[in-house]
Amino acid sequence: MFQNLTSGEKLLDLWPYLLAATGIGVGIVTGFFKARRIQPGRFKWITFRNEAIFAAINLVVTGFTLGPLNSILRKKGFIVLNHATVSWWVVALEFAVYFVLFDTWFYWLHRGMHKEPFYKWIHKLHHRSTSPNLLTTFSVSPLESLVNGGFLPVFLTSATLIFGGAHDKSVALIVPFTIWMGLYVHSGHEFLPRWWNRTWATKWFITTTFHDQHHKYFNYNFGGYSQVWDYLCGTVRKKYETDFESPKGSRIDTAAAPADNPANSVARPESAPAGGALAAGTR
Ligand SMILES: [Zn+2]
Ligand SMILES: [Zn+2]
């Protein structure tokens, strides 16, 4: 049977069906991604090329700084990993502690990086991308990579000094999660279901739309993992939930969006919220 299917003769008989199936598959995948594209039609080849160059520079510089730093801290005994057998809830607890602490670290340092002169020196490069894609994740100044990536050695050194070391299984969860979250929020597509912001159990966690709007409107949505600090500081964009429900509705704003970002212009069609004054008044 299997041999029959793989023989050229059989495939020759089946090719019209295979062609139809492939066409339907491509149609579904294309439609799926198009329907979930947050900022339709804003791909620019020059931006993409610049992002590729900045990403390459950043990955090389970061690899030669954070990599050796982690090695030195491990060799000197400042970072020790616990390889013992561990219950799932201990791993979950360590992950939760990391999640809350990094979320706090990211929010405040991110807001700090929106202040001059730090914006110009560190964060401006990442905001050259007003319509993020996967490459935008790495299109970051090496200094910003050190600011954000510096959290892990600080966290693991603190865990070593206080508890004798985090479990290797927790680290095996944390490291891919940080990369995955970065890629997810810069994917340019919203994959989460529409009900995400309607339940309290899920709405605290940020979405791609949330961070995409940070790139588009600049003064809002500073959080890295959760909305908690944005909610407490009044920096959540008011139309975020409406746009999340209907991503194509934000199409109306796309003409105004480039002017909203200081990478392109000084004029902004939307005024910053009270909590966003820190960021708004810095440029
Ligand atoms: Zn920013
Ligand atoms: Zn970003």
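Student: What makes up the secondary structure of the chain, counted in helices and strands?

Tutor: This is a predicted model, and its chain has 14 helices and zero strands. Reading from the N terminus, the order of elements is therefore α fourteen times over, α-α-α-α-α-α-α-α-α-α-α-α-α-α, where each α is a DSSP helix run of at least four residues.

Student: How much of the chain is buried?

Tutor: Of the 283 residues, 28% are buried. To earn that word, a residue needs 20 or more other C-beta atoms within 10 Å of its own.

Student: And which share of the contacts joins residues at least 24 apart?

Tutor: Taking contacts between residues at least 6 apart in sequence, 69% join residues at least 24 apart.

Student: Let's go inside. Which residues have the most contacts in the largest nonpolar core?

Tutor: They are F155, L156, A159, A166, I206 and Y240, in a core of 18 residues. Helices α4, α7, α8, α10 and α12 each supply at least two residues of this core, and the largest share, three residues, comes from α7.

Student: What does A166 touch?

Tutor: Beyond residues up to four places away in sequence, A166 touches L81, N82, E94, L156, A159 and V171. Two of those names, L156 and A159, also appear among the core residues with the most contacts.

Student: What makes the span of α7 agree with expectation?

Tutor: Helix α7 has 13 residues, and at 1.5 Å a residue the expected figure is 18 Å. Its first and last C-alpha atoms lie 17 Å apart, which is close to that.

Student: Which residues of α7 are buried, and how do you know on which side they lie?

Tutor: The buried ones are F155, L156 and A159. They cover an arc of only 90° around the axis, so they sit on the same side of α7. A helix has 3.6 residues a turn, so residues three or four places apart point the same way. Helix α4 is included in what covers these buried residues of α7.

Student: What follows α7?

Tutor: G164 does, with a positive phi near 85°.

Student: How do you know whether the span of α4 agrees with its number of residues?

Tutor: The 26 residues of α4 should span 38 Å at 1.5 Å a residue, and the end C-alpha atoms are 36 Å apart, so the two agree.

Student: Which residues of α4 are buried, and what do they pack against?

Tutor: E94, Y98, F102, D103, Y107, H110 and M113 are buried. They pack against α5, α6, α7, α8 and α11. E94 is also one of the residues touched by A166.

Student: Why is N70 called partly exposed?

Tutor: N70 has 17 C-beta neighbours inside 10 Å. Buried would need 20 or more and exposed 12 or fewer, so a value in between is called partly exposed. N70 is found in helix α3.

Student: Why does P153 get its exposure label?

Tutor: P153, in helix α7, has 17 other C-beta atoms within 10 Å, so it too is partly exposed.

Student: What are N70 and P153 in contact with, neighbours within four places aside?

Tutor: N70 is in contact with I79 and P153, while P153 is in contact with L69, N70, L73 and I79. P153 and I79 are 74 residues apart in sequence, with 7.5 Å between their C-alpha atoms. N70 and L156 are 86 residues apart in sequence and 9.6 Å apart from C-alpha to C-alpha.

Student: What makes the peptide bond from E116 to P117 stand out?

Tutor: Its omega is near 5°, and the bond is cis. Most peptide bonds are trans, and most residues other than glycine have a negative phi. P117 lies in the loop between α4 and α5.

Student: Which values of phi do F218 and N221 have?

Tutor: F218 has a positive phi near 75°, and N221 has one of about 55°, although it is not a glycine. F218 is in the loop between α10 and α11, and N221 is placed between α10 and α11 as well.

Student: How do you know whether F218 and N221 are buried or exposed?

Tutor: F218 has 24 C-beta neighbours inside 10 Å, so it counts as buried. N221 also has 24 other C-beta atoms within 10 Å, and is therefore buried. The cut-off for that label is 20 or more.

Methods: Residues are numbered from 1 along each chain as its sequence is written. Chains are lettered from A and ligands numbered from 1 in the order in which they are written. This is a predicted model: local features need pLDDT of at least 70, side-chain atom pairs count only at pLDDT 80 or more; totals for chains, interfaces and linings use all residues. Two residues are in contact if their C-beta atoms, placed from the backbone, lie within 7 Å. A nonpolar core is a set of buried Ala, Val, Leu, Ile, Met, Phe, Trp, Tyr and Cys residues joined through C-beta atoms within 7 Å. The expected span of a helix is 1.5 Å times one less than its number of residues. The arc is that of the directions from the helix axis to the C-beta atoms.
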